[in-house]
Amino acid sequence: LGVWNVPALYFPKHSSGVTDEVVDPETAAERISALKRLREADTSGHPRVIVLAEESLREAAPAQRDIEAGQFEIRAGQKWDAELLMTKLESAGYERVPVVGERGQFARRGGILDFFSWHGEEALRLEFFDDEIDSIRVFDIHSQSSIRKIDQAMVVLQIEDQTSSGGTVQDHIGE
């Protein structure tokens, strides 16, 4: 698909069929990310393509409304109380660390708040000026260097891969 310049989403299998298996947080995050991005607009003009195993269609997945309810948008220039944002991250299960190194972590140094969203492909660095987000940058977790500046981002607070709603992956894809 890459050769034909068709953007594709990869949806990892939930489990190997082992009962009482502990869910890998990275796999759960990738699954939520794929389901979230499946609904986002594709600006390339190509039809949306998702690569997954057939048995994954029947696996439990959160309803789209649950994913949407657990997310919020941040934009450069937006008023945000950094302390409130950190409280939201902590209550959603994010871990406060000195340096962000993996999904589900956040760190604060002065007017800078770094975090790696559960669904995100890349970590984000918010630079605050008083109570306003001055800039949003994508950064490399290994070098801790900013890669590029972006104007906005969606942040998923919840990582729950399954819900009691009884939804499946097929519900997100349709016929």
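**Salt bridges and the largest pocket**

Let's start with one pair: Arg137 and Glu127 meet through their side chains in a salt bridge, 3.2 Å from N to O. Keep in mind that this is a predicted model. The two residues come from distant parts of the chain. Arg137 sits in strand 8, residues 132–139, and Glu127 in strand 7, ten residues apart. Buried or exposed? Arg137 is partly exposed, at 25% relative accessible area. Glu127 also counts as partly exposed, at 25%.

Next, a network. Lys79, Asp131 and Glu132 are joined by salt bridges that share partners. In total, the structure holds ten salt bridges.

Here is another one. Asp114 pairs with Arg125, with the closest N and O atoms 2.7 Å apart. Asp114 belongs to strand 6, residues 112–116, and Arg125 to strand 7, residues 123–129. They are eleven residues apart. Both are buried.

Now Glu122 and Arg148. Their closest N and O atoms are 2.7 Å apart. Glu122 is in the loop between strand 6 and strand 7, and Arg148 is in strand 9, so this salt bridge ties together parts 26 residues apart in sequence. Glu122 is partly exposed at 33%, and Arg148 is partly exposed at 39%.

On to the pocket. How much space lies in the largest one? About 500 Å³. It is lined by 16 residues, and the closest to its centre are Arg37, His119, Glu121, Ala153 and Met154. Helix 1 (25–39), strand 9 (146–150) and strand 10 (152–156) each give two or more residues to the lining. Strand 10 gives the most, with three. By class, the lining has seven charged, five nonpolar and four polar residues.

Definitions and conventions
Residues numbered from 1 in each chain as written. Predicted model: local features only at pLDDT ≥ 70, side-chain atom pairs only at ≥ 80, totals over all residues. Heavy atoms only, no water. 1 Å grid on protein atoms, 1.4 Å probe; cavity = no way out; pocket = protein on both sides within 12 Å on 5 of 7 lines; lining within 4 Å. Points joined across faces, edges and corners; volume = space filled by probe spheres on them. Helix = DSSP H or I, 4+ residues; strand = E, 2+ residues; numbered from the N terminus. Nonpolar A, V, L, I, M, F, W, Y, C, P; charged D, E, K, R; others polar. Salt bridge = Lys/Arg side-chain N within 4 Å of Asp/Glu carboxyl O. Buried < 20%, exposed > 50% of the residue type's maximum accessible area, 1.4 Å probe, protein only.
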